[in-house]
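User: I'd like a close look at one part of this model, the protein surface that faces the DNA, and then at how the elements around and beyond it are put together. Keep it informal, please.

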Amino acid sequence: MTEPAATVKAAANARTAAIPVALPVAAVRVDTGLAHLDRPFDYDVPPDLAEAAQPGVRVKVRFAGRDRDGFVVDRLASSDAGRALTPIRAVVSPERVLSPEVLALAEAVAARYAGQTFDILRQAVPPRHARVEAEPPTATSGAVPPAASSDSASCWVDYEGGAELVDDIASGRGSFASVTLRPDQGAQWPVALAELAGTALEAGRGAVLVVPDHRDVSRLGLACDQVLGAGRYVAMTADLGPAKRYRQFLAVSRGQVGVVIGTRSAAFAPVANLGLVACYDDGDDLHVEPRAPGWHVREVLLRRAQQAGAVAVLAGYATSTERALLVEGGWAREVRPSRTALRESAPRVTIAGASDRQRERDPLAASSRVPREAMQVIRDGLADGPVLVQVPRQGYALAVACADCHNRVVCPACGGPIAQATAGHGLACRWCGTGLSDFACSACGGTRLRAPMIGSSRTAEELGRAFPGVPVRTSAGDKVVPRVGAERALVIATPGGEPVADKGYAAAVLLDGLLLVGRADLRAEEEALRRWMAAAALVRPAGAGGRVLLVAPPGSRAAQALVAWDPVSFADRELAERRSSHLPPAARLATIDGDKAAVEAVANGLDRAGLPAGAELLGPVAMLATRSEPAAPPEGELPGDLDVRLVVRVPPRAGAELASLLRQQQARRSAAKEDGTVRIRLDPVPLA
DNA sequence: TCAATCCGTATC
DNA sequence: ATACGGATTGAC
């Protein structure tokens, strides 16, 4: 029997090594925190740790005179360190928490994002919880009910390319798929993903399904209960608490379950023999890890699928430009609803006030009122069931736009975002610093600019007063309602917080669309369509009376794509436009923020190392003062110690080279003990 | 001539 | 980061 998991310390009194250790050297990944020491180090394995110090275990080692955490990554017969080895100080626990697959993944992700491997390992392997580790194994294993095997018709028959996708998983062929989900009232996608996981299980392989937030985890969990059976999967979310989190992790790590559903960090769950990875709603920025170096679940899972020979599924109601790029390049199979399935499921979408003259003149003022048309749609819908009203959150910064046609203004030199540099100063590009004078709109020739401003959207609470006797449910911020019933109700929600309605919404009204499409983010239109589609997909099909009214500038491509329910063509066109203006994902981009001297040193270093062909260094320019702290420099004096931003842009093919150059710069900085700070981010989201 | 200190460099 | 080594400096 295993000892109650306790730290195994190296014996202090080194009794003469009677039995020689078979592999006396351990390669250890050490938490050094130093960029130029991001590699394994060799340690001596004392005889009394020879059993415990297996690859994958946590250890304590002496490094540069301090005790540090590490993971054994390999056992070797000899070392090429060319010096006497320090012994491992202790094996924290014999539990092998870092699998070779996850280590390889972490190394690939660190390289991709110019980060340090140990930073990724810290995010991939949850903190140890000794009590949980010592718990007797739960007697689940044998008692798991068999999967409710495919006796009902699969969701995937409604999709073009669906059969091929299922077949790839069933036969263990690795591939990528970009799945554009049919509007399903929020009910079908969890089942569709659970079915794919079931197919992987039937093929004797595991699955990892990652969704943006814990509400989606519970929705997917319900579907997995039905399709796979309870006990065939675990849910991993950050908000579980340390004990539960580690317990779920151990169940996976010990091979007791083959399917993991969860948020962001579940992308690293050590599922063995992986057959499927999936990312639901890959455009949601919750899929981006905020801690350094800042990876995206989509990228992590694509790498993981490639390394494991698994199928990677990226799915959403809308289509991200990244997915469009994968399809265009022949990397991913396009999977989309058949024409009939789409006709049967999509609601009828119209745009409010397309002919309203007054709104054209002053769209912001007009959109903050609820148009009469919208009141009518709400009234009609309430006769049939719940009605959803989507209201963008307050306080979005709007992009600088042409005063006449509202076309977004971008930098003529580099295509970057335009903003007011500092209070009282003129408009300038946030990337290359080019000042904007003599503006002429590329679309309509207008010469007046709409001043940048903070969008204000008023709460729709007064809507309730307009419909006396109708219950009003609000779902926003920290008080999100997961679902509502089929009875008539007015449901007011911010984007991303829309409850699912049991029988679908009778109607939805999407207010203040300008605040979404006009946001100061070069991805604003893509993001607006994603949010509109997420809400509109919760509405009943047109054939069942489902209606969606969008209050937004009718000319925007996103608005037109919603009306036509054609996210794929939208993403294709958006991608073409990004390509012509050298913007991600048709270019690879890094931001380097920090104090002036440090950032300039990096710029020089990059120059000296030689940038790849087609690379552009933009800036450095002073960063905008944060809105919360209006640290405007008085009297136009240059503050000197204000942070600056350098942007580096390369063609997509040079992405790996860019990452490696940036890594090299961090290593150089760290080795030379340069002072100051730089924060490097590859492929930042959002793009502003 | 030896010790205290400073700088540079490696960290198994 | 620290910690070690080699060089440098200063006082006996």
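Which strands each supply at least two residues of the surface near DNA strand B?

Analyst: Keep in mind that this is a predicted model. The strands you're after are β3 (41–44) and β4 (57–63), each supplying at least two residues of the surface near DNA strand B. Of these, β3 gives the most, with 3 residues. In total, 13 residues surround DNA strand B, and the closest are Phe41, Asp42, Ala64, Ala81 and Thr86. If you sort that surface by class, you get 8 nonpolar, 2 polar and 3 charged residues.

DNA strand C has its own set of residues around it: Leu34, Ala64, Gly65, Arg66 and Lys673. That surface divides into 2 nonpolar, 1 polar and 2 charged residues. Ala64 turns up in both places, being among the closest residues to DNA strand B and also one of the residues around DNA strand C.

Now for the sheet that β3 and β4 belong to. It's an open sheet of 6 strands with antiparallel pairing, and the order is β1-β6-β4-β5-β2-β3. β1 (8–9) and β3 stand at the edges with a single partner strand each, so one side of each has no neighbour in the sheet. In other words, the strand that gives the most to the surface near DNA strand B is an edge strand. The partner of β3 is strand β2 (residues 25–30), which runs antiparallel to β3 and is joined to it by 4 bridges. Within this pair, Ala27 stands opposite Asp42 of β3, and Asp42 is one of the closest residues to DNA strand B.

Further along the chain there's another open sheet, this one with 8 strands in the order β7-β14-β8-β13-β12-β9-β11-β10 and mixed pairing. Its edge strands are β7 (159–160) and β10 (233–236), each pairing on one side only. Inside this sheet, strand β12 (residues 274–280) and strand β13 (residues 311–316) pair in the parallel sense over 5 bridges, with Leu276 standing opposite Val311 of β13. Helix α8 (residues 297–308) packs on the sheet and touches β8 (175–180), β9 (206–210), β12 and β13, its direction making about 165° with that of β12. Over at the β10 edge, helix α7 (residues 242–253) lies across β10 and β11 (259–262), running at about 140° to β10.

To finish, take a look at α18, a helix with two packing partners worth following. Helix α9 (residues 321–328) packs with α18 at an angle of about 90°, and their axes are 9 Å apart. That angle is why α9 counts as roughly perpendicular to α18. On the α9 side, the contact is made by Thr321, Arg323, Ala324, Leu325 and Glu328, and on the α18 side by Ala571, Asp572, Glu574, Leu575 and Arg578. By class, those residues are 4 nonpolar, 1 polar and 5 charged.

The other partner is helix α16 (residues 524–536), whose axis comes within 11 Å of that of helix α18 (residues 567–580), crossing at roughly 170°. So α16 is roughly antiparallel to α18. Here, Glu525, Glu526, Leu529 and Met533 of α16 meet Pro567, Phe570 and Glu574 of α18. This contact has 4 nonpolar, no polar and 3 charged residues. Glu574 is worth finding on screen, since this α18 residue takes part in the contact with α9 and also in the one with α16.

Terms used. Residues numbered from 1 in each chain as written. Chains lettered and ligands numbered in written order. Predicted model: local features only at pLDDT ≥ 70, side-chain atom pairs only at ≥ 80, totals over all residues. Near = placed C-beta within 6 Å. Nonpolar A, V, L, I, M, F, W, Y, C, P; charged D, E, K, R; others polar. Axes fitted to C-alpha atoms, helices over the stretch in contact; angles between N-to-C directions. Parallel < 35°, antiparallel > 145°, perpendicular 65-115°, else oblique. Contact = placed C-beta atoms within 7 Å. Pairing = 2+ DSSP bridges.
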